[in-house]
Amino acid sequence: MDRNECAEKVLECVSITYKKSVSELSLETSFKDDLGGASILMVGLVSLIENELDVLVDLPTAASCKDINELVDKVEELL
């Protein structure tokens, strides 16, 4: 899976978890500033990424990401 495919999948997962349309999101979307940073939603996001991409991103790693781009980087490292 290349970077673009990975980014698309992560954006889809964020969209589903945070109930936003993909068009409202970008790689620069901040979890804290733009999405409210709810930790319970991050738990759901990590679970969805695990199911969709078959990769285990631990919660502290995901929660440390300031934006979607950083999360894509972490997921890509694990693929």
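**Notebook: Asp-67, Ser-15, the cysteines and a surface patch**

I began with Asp-67 and located this residue in the loop between H3 and helix H4, the latter spanning 68–78. I note at the outset that the model is predicted.

**Entry 1. Asp-67**

Is Asp-67 buried or exposed? I looked up its relative accessible area, which is 11%, so Asp-67 is buried. The cut-off I applied for buried is under 20% relative accessible area.

I then searched for polar partners of the Asp-67 side chain. One polar contact is with the side chain of Lys-66, at 3.3 Å. I also found the backbone nitrogen of Asn-69 at 3.3 Å from a polar atom of the Asp-67 side chain.

Which residues does Asp-67 contact once neighbours within four places in sequence are left aside? I recorded Leu-27, Glu-28, Thr-29, Ser-30 and Phe-31.

**Entry 2. Ser-15**

I turned next to Ser-15 and placed this residue in helix H1, which covers residues 3–18. Its relative accessibility is 12%, and Ser-15 therefore counts as buried.

For the side chain of Ser-15, I noted a polar atom lying 2.4 Å from the backbone oxygen of Lys-20. Not counting residues up to four places away in sequence, Ser-15 touches Lys-20, Ser-21, Val-22 and Leu-25. Lys-20 thus appears in my notes both for the backbone oxygen and as a residue touched by Ser-15.

**Entry 3. Cysteines**

How many disulfides does a search of the whole structure find? I obtained 0.

I checked why Cys-6 is not bonded: the closest cysteine sulfur, in Cys-13, is 9.5 Å from the sulfur of Cys-6, which is too far for a bond. The cut-off for a disulfide is a pair of cysteine sulfur atoms within 2.5 Å. Cys-6 counts as buried, because its relative accessibility is 1%.

I repeated the check for Cys-65. The closest cysteine sulfur to that of Cys-65 belongs to Cys-6, and the separation of 11 Å is too far for a bond. Cys-65 has a relative accessible area of 4% and is therefore buried.

**Entry 4. Nonpolar surface patch**

Finally, I looked for nonpolar surface. Which residues make the nonpolar surface patch of about 270 Å²? I listed Ile-40, Val-43 and Leu-59.

I followed up Leu-59, which lies in helix H3, residues 59–63. With 36% relative accessibility, Leu-59 counts as partly exposed. I note that H3 is also one of the two helices joined by the loop that holds Asp-67, the residue with which I began.

Conventions: Residues are numbered from 1 along each chain as its sequence is written. This is a predicted model: local features need pLDDT of at least 70, side-chain atom pairs count only at pLDDT 80 or more; totals for chains, interfaces and linings use all residues. Side-chain values use heavy atoms; hydrogens and water are left out. Patches are made of residues with over 30% relative accessible area and no salt bridge: like charges are joined within 9 Å, nonpolar side chains (Val, Leu, Ile, Met, Phe, Trp, Tyr) within 5 Å. Accessible areas come from the Shrake-Rupley method with a 1.4 Å probe; for residues, only the protein chains shown count as cover. A salt bridge is a side-chain nitrogen of Lys or Arg within 4 Å of a carboxyl oxygen of Asp or Glu. Helices (H or I, at least four residues) and strands (E, at least two) are DSSP runs, numbered from the N terminus. Buried means under 20% relative accessible area, exposed over 50%, partly exposed in between (1.4 Å probe, protein chains only). A polar contact is a pair of N or O atoms within 3.5 Å; within protein, one must be able to donate a hydrogen and the other to accept it, and residues adjacent in sequence count only if both atoms are side-chain atoms. Contact means heavy atoms within 4.5 Å.
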